[in-house]
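Me: Could you walk me through reading pockets and chain contacts in a protein model?

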Amino acid sequence: MVLLETRGLTKRFGGLTAVNAVDLSVEPGEVRALIGPNGAGKSTIFNVITGVYKPTNGKIFFKGEDITGKSPNAIATRGLVRTFQANVLFGTLTVFDNIAVGSYLARKKGFLQNLFCTASTRQDNNEINKKATELMEFLGLDHVKDEVAMSLPHGYQRLLGVAVAIACEPELLLLDEPVTGMTPTESDSMIGLLMTVRREHKVAILIIEHNMRAVMTIADRITVINFGEKIAEGLPKEIRENPKVIKAYLGSGEGL
Amino acid sequence: MKLKRLKLTMPVLYIFVAAIILLALPYITGVNSYWLRIFVIIGINTVMALTLRLILLTGLMNLAHPTFMAIGAYFSIFAMTRFQLPFLVGLIGGGLVAGICALILSYPFLRVKGVYFFLITLTFLEMFRIAISNYWRDWFNGADGIYGLMAPTIGGFQFTSLAPFYYLCLVVLLITFAICWRIEKSWSGSVLLSIRDADMLSRCVGINIMSWKAYVFVIGCSLAGVAGGILAFLVGGVNPNNFGFPYAVDIQVFVIVGGMGTIWGPILGALLFGGLGDFLRGLGGYALLVNGSVLVLIILFLPAGLIDFPSRIRQLIRRPAVDAREK
């Protein structure tokens with residue numbers, strides 16, 4: 001069964017076609033990388049898949065269900081959770097609270113139950129506490145547990161962004177440039193963590209990344225996007241040798 | 001050992017003392033005194049400030065808060081004078097009607113955020129005030145308002161002094177406080193703050209932000225409606241200008257000057273500023289000058305509100321000591 005499938009996905013902003021008829025499919029448990037030059041439309045694809053934008057054309061299926069045009073929260077509750085390219089976090093909340101809000105999905109309880117049921121709330125709090133602590137230990141965030149997210153250094157903020165998404169216990173994780181602006185050491189440890197998450201939680205990952213070393217290490221298959229269109233798809237090795245991809249990244253050399 | 005036990009019981013002691021003061025207040029000030037009236041008004045203002053802050057947790061500054069108070073006030077008046085319903089039914093009904101209005105209005109209002117929400121609620125505030133000042137005169141009696149209400153009764157018990165108003169207001173205040181406290185101290189509080197910090201991320205982790213905002217908006221506005229009902233019968237009547245822009249600003253001031261960071265901020269703000277106008281009455285026209293200066297000073301030197309005062313003082317005391325040690 002295919003986990004995520006887009007058919008002829010198109011997004012136009014006025015006269016600009018940001019994404020043009022992209023067919024993409026992610027298998028369960030697979031790590032798929034989405035690469036392409038700046039402005040190729042990768043982030044727009046993420047935004048359309050997660051419901052932040054409505055697609056102009058085309059369909060999106062998740063676990064066989066049509067999720068085209070559904071709201072971001074409805075899509076997230078189905079097990080498709082994303083991170084953002086910029087450091088989007090709950091800035092004034094502590095690291096612990098960020099992760100606690102992330103695990104909101106796992107609770108399946110509403111505002112009113114929380115308001116009136118003291119016992120179940122206490123139980124919830126214990127559960128959240130345990131889960132969040134485990135996750136923070138695993139990601140090495142436990143020593144900044146009570147720091148406000150806004151005041152964290154960049155590397156930790158990227159990590160926390162991923163932590164919030166993992167706390168939702170997704171089936172498909174969409175990561176938008178998770179190792180951007182990190183030092184090589186930080187980036188290696190992040191990739192290591194993602195591999196572990198993938199193994200232990202059996203989660204499929206769709207990743208946008210410019211760091212080719214990271215992409216080549218983690219991805220099972222790679223899809224290349226340029227000017228909103230899919231230009232290549234395949235194993236890392238094939239992509240590295242694909243002339244179209246090399247041309248998109250380096251230019252053809254004609255006219256020099 | 002003894003000291004330890006004393007420390008443990010300190011919060012209980014505080015609560016006990018506070019409870020006694022709150023319960024005995026009418027008999028300290030006198031059951032019909034001017035001061036007791038001010039305390040009831042402070043209580044009403046505190047309910048307004050607490051509920052305003054509850055909505056503010058999601059990042060929405062509701063300028064139309066007095067309008068929902070007005071809806072509750074007018075409903076409770078109509079319930080008594082037109083439909084001959086008991087006072088308590090009118091009071092609770094006023095809260096419910098205000099809540100229903102908030103629920104209906106939450107659909108258009110909560111689609112926008114930030115300054116746009118501020119503007120849309122400002123517009124609604126003025127629209128409502130102007131509408132009831134000019135139309136449906138046989139119901140609202142225009143800008144003159146409705147006065148000369150009879151003292152209410154609850155189950156045969158007549159409100160002959162201010163004391164019953166005080167206790168009624170205290171009950172409503174405690175319920176409001178309990179609700180706000182409960183929401184803030186459970187994980188709901190973090191969810192509300194997460195919507196304020198990054199609403200798109202909240203949605204992407206599966207939070208239906210529209211319904212969460214609607215919950216606090218409806219709860220906040222219903223309690224404002226109940227507060228309006230108490231105000232109407234305390235004063236013996238209301239007019240549309242009670243619920244205009246100046247009062248909307250007053251509530252914001254209670255919250256901001258008291259401090260938005262904790263639940264105690266708005267309480268402190270309402271306690272000090274809710275009665276400040278009355279405390280300074282002796283100064284006549286200069287009262288506004290003093291009021292404004294105090295405001296500016298607080299905002300300049302205590303940006304986190306009055307509630308931050310003790311920790312600021314501690315900081316100022318500690319700083320020279322640290323400097324000396326470094327030298």
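**Pockets and a contact**

Reply: Happily! The largest pocket holds about 940 Å³ of space. On a 1 Å grid over the protein atoms alone, a pocket is an open set of points where a 1.4 Å probe fits, with protein on both sides within 12 Å along at least five of seven lines, and lining residues have an atom within 4 Å of a point. Its volume is the space filled by probe spheres set on the points, joined across faces, edges and corners. The model is predicted: local features need pLDDT of at least 70 and side-chain atom pairs 80 or more, while totals for chains, interfaces and linings use all residues. Residues are numbered from 1 along each chain, chains are lettered from A, and side-chain values use heavy atoms, without hydrogens or water.

Me: Which residues are closest to the centre of the largest pocket?

Reply: Of 23 lining residues, they are A18(B), L22(B), L173(B), W264(B) and I267(B). Helices here are DSSP runs (H or I, at least four residues), numbered from the N terminus. α7(B) gives the most to this lining, seven residues.

Me: How many residues does each chain bring to the contact?

Reply: Contact means heavy atoms within 4.5 Å. Chain B brings 26 residues and chain A brings 35.

Me: How many salt bridges are there between chain B and chain A?

Reply: A salt bridge puts a side-chain nitrogen of Lys or Arg within 4 Å of a carboxyl oxygen of Asp or Glu. Between chain B and chain A the count is zero. On the side of chain B that touches chain A, α8(B) supplies the largest share, eight residues.

Terms used. Helices (H or I, at least four residues) and strands (E, at least two) are DSSP runs, numbered from the N terminus.
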